Each structure stands twice: as C-alpha cells, then as structure tokens.
Amino acid sequence: MTSPAPVTSLNSAGPFAAATGARILSLGDYQPANVVTNDDLAAAVDTSDEWIRSRVGIVSRRIAGPDESVTDMAVVAGGKALAASGLSPADIDLVIVATCSTEASIPNVSAVVAYRLGIIAPGAYDLNAACAGFCYALANASDSIRAGTARHVLVIGAEKMSAWIDFTDRSTCIIFADGAGAAVVGPVADGEPPGIGPVVWGSAGNLAQNITIADRTSSLHQEGQAVFRWATTNMHPIAAQACERAGVAVSELAAFIPHQANLRIIESIARKLGVPRERLADDIVHAGNTSSASIPLALSRMAARGDLKPGSPALLLGFGAGLCYAAQVITVP
Amino acid sequence: MTDLEILEGLGEIVEEIAGVPAAEVTPSKSFVDDLDIDSLSMVEIAVAAQDKFGVEIPDDQLKDLTTVQDVVAFVRKNAGSTA
C-alpha cells in the first residue's frame, strides 16, 4: 500500500513542535488622544458628573477621532507589544484581533493589521465574543501554540465603540469608549509551567437580547439592570473555577483584571470572589468601557506603571454581549 | 418566616450592600427617597434576598417594590405558607 502524499503547507512557516504551554511575552496599548469628561457629556445630555461616577464609576474616557479606525488603534497597540517582545515581525505566524465594533465586516482587521506591521502571511482572523473577546483570543492563541499550529501569536483587543453609540442616549454614551490593547504570546521553555492557564468559557444565548445592535444603522442598546444582575450573580463562580483549574488560590492573585464593564459590577464580583479592592483593576475610571480592549488595556497600563510584579499570577475575566464569558489565570510578563 | 424575621434579614442585606444602618430599614421607608438606594443597589439587594430567603424577585417585579414593607410582603407571599 502506498502512503498518502504528505500534506504541505502554503504558509511560510510551520508546522511547529507542540509546546507544553504558552505565556504572554509582552504587552502594548493605545488610547485615542481625545479625552471626554463627564462634564463634556453632561453638556450634551441630561446627566451629571456625580450621577455617572456613582452609577458606573467613570470619570473620563477616550474617544477616537473620525478618521481613526479600529485597525489604526490595533496597529499601534500591536506594534508596541511586538516591539516590546524583542521578536521580529517574521516570528509572528498568527494574528487574532478581538473586536465587535469594526466599521465594516470585510475585510477583517487582523490581516490588514498584520500587513501594516510587516508580518508576512500569518494566519489572521477577527474574533467576536464582544467584551469577552480578548480572553477567547488568548485561549485560542495558547491552544494553537500547544497544538503546534503557531509558534508566536499576536493577540489584540481593539474597539471603536463610539461608532455604535447614540450620544443622545444617556444610558450608554456615559459607559462606552475606544482603545486597544495587545499581547504577544509564545511557548514556554520545556519543563516550565504554562503562563496561560486553562480557560473557563461559556455563553448564555437565551439572554442575548439584553445587549444588542439591531442592524447596521442602529446603536448599541443595553438592558443595564438585567446585565448587572446576570454579571453580579453568575461571573464570580466562573472566575473561581478558572483559579481552581490553574491551581492558584484567589488569595495568591497579584491582580484581578475583569472586563472594565462598570465599576459597580466589578467591585461586586471582586467582593463575592474574595479579592481585596486594592488588587482589583479599575482602569475603567479613566478609560471607560472599551469592550474587548478593556482587559489588555488595563493589563498593559498596570504593567507599565509597575503595579504588577513580573511572574505573578493575575486573573482575567471577560463577559458581555452574547452573553459570552471567559476567564483564565495568566502569569504577568 | 414572620414579617419581623424578613425585616431583620432585609436590614442586614441593606446594611451590607448600601451601607445604610439596619436599624433605619423600617417598613414605611422608601428605598429610593428615604434610604437613598439606587436601581443598581436594588438589584444587588434582590439577588442577596434570593440567597437569604430563597425567593426570586425578577426585575419586572422589583420596580414595583418601592418600600421596605413591599419587599417584606413580597418575600412572605412567595416564600410559601409552610415557612
């Protein structure tokens, strides 16, 4: 019997030896220059600085300029993460961009981002799990490296939520914002423990109607109270399970970096999980809710400030439209 | 559960979630107007009440429960007669 012809790859690289685990090698972030304060919003809609601070915990947020796209922001954050990794563009063989706010669905963001960063012919796809997107993308990056389908992965969360917000709707325009965060993910050395723990993910499509954009001409609509109830009731057990699967006690976490949805929601989840307030990321205060960008944005900014000790464990938890959620413990690069 | 038991339990919940002393949580008080509790805190109180009393208070019913007595009565009614 003749053996089947060997499968050849059209990709310039790979297949790779399967790795025992993956880790985040470096981080990068980007925020638009335009700062929008609560007072700015209060000048346009019936709200106030005090009301916004007490309900969602946001003091200011960044809003992209009219000519600034999801792709533009992803390129800057991704470029910073790539530069910080010390790798060359040729070392990256997969680019995943988590986003739910692109101006159009074709072409995808990831292939264009790769091209603009000089990454030649990588696997490239966009991933929409809304505010949980970065955690989904990070899990896929880790699994690809473990399986040997990629060696180094550029993972980006980038959002221009302002493009889908009705700035006369005071229930949503005070919350959402723009920005991007990125991580370069690579294999751990043989014998080293993984730096990206097992993901705990899931969805509740029966509750999908609580966060929607009805069609291409509509703005984002959210049933705030229902989402608040769901998140404060269901997310802390998911976060606890991610810690358990990673073999890390909640008390050992250097930081808890949930999706920066609303300060009230994440403080409630942290309290139920048993994470002290000082270990809870509160990047939302000056960044707003940037959907899938919020976790890498917070993580990158905290690491840059020196708030996170390299090598320490941090818990990520994404949750949002879908309703989708995902959590994993990572090792701070 | 008697009304007094529910009231005491509710007072503990309100104190923990909204920082309002349990002694101030008396039947005639309005959550919004007297105790300065907003709609998101009401959701948290409803969730905590479900854990404590085993009675679910859905969002569409929660909006009609404006006073402390309203919640006490809702819990008593939905907890069943055996309690």
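Here is a quick tour of chain A: its two domains, one helix, one sheet and its contact with chain B. Keep in mind that this is a predicted model. Chain A splits into domain 1 (22-187) and domain 2 (200-331), and the centres of these two domains sit 15 Å apart, going by C-alpha atoms.

**Where the two domains meet**

- On the domain 1 side, 47 residues of chain A are in contact with 41 residues of domain 2 of chain A.
- Several elements of chain A give two or more residues each to that domain 1 side: the strands β1 (22-30), β3 (60-62), β6 (153-160) and β7 (178-187), plus α2 (49-56) and α5 (133-147).
- Sorted by class, the side of domain 1 of chain A that touches domain 2 has 26 nonpolar, 12 polar and nine charged residues.

**Helix α3 of chain A**

- Helix α3 (residues 70-85) of chain A has 16 residues, which at 1.5 Å a residue should span 22 Å; the end C-alpha atoms are indeed 22 Å apart, so the two values agree.
- Most of α3(A) is covered, with 13 of its 16 residues buried.
- Right after α3(A) comes Gly86(A), with a positive phi of about 80°.

**The four-stranded sheet**

- Chain A has an open sheet of four strands, running β8-β13-β12-β11 in order, and the pairing is mixed.
- At the edges you'll find β8 (200-203) and β11 (255-258) of chain A, each pairing on one side only.
- Going from one strand to the next, the twist averages 15°.
- β8(A) and strand β13 (residues 324-331) of chain A run antiparallel and are joined by four bridges.
- If you want a spot to look at in the structure, try Trp201(A), whose bridge partner in β13(A) is Ala326(A).
- Two helices pack on this sheet. One is α5(A), which touches β8, β12 (313-320) and β13 of chain A, with its direction at about 55° to that of β13(A).
- The other is helix α6 (residues 224-246) of chain A, which also touches β8, β12 and β13 of chain A; its direction makes about 35° with that of β13(A).

**Contact with chain B**

- Nine residues of chain A are in contact with seven residues of chain B.
- On the chain A side, α6 and α7 (263-273) are the elements that give two or more residues.
- The largest share comes from α6(A), with six residues.
- By class, the side of chain A that touches chain B has two nonpolar, four polar and three charged residues.

How values were computed:
Residues numbered from 1 in each chain as written. Chains lettered and ligands numbered in written order. Predicted model: local features only at pLDDT ≥ 70, side-chain atom pairs only at ≥ 80, totals over all residues. Domains from an automatic or database assignment. Nonpolar A, V, L, I, M, F, W, Y, C, P; charged D, E, K, R; others polar. Expected span 1.5 Å × (residues − 1). Buried ≥ 20, exposed ≤ 12 C-beta atoms within 10 Å, placed from the backbone. Pairing = 2+ DSSP bridges. Axes fitted to C-alpha atoms, helices over the stretch in contact; angles between N-to-C directions.
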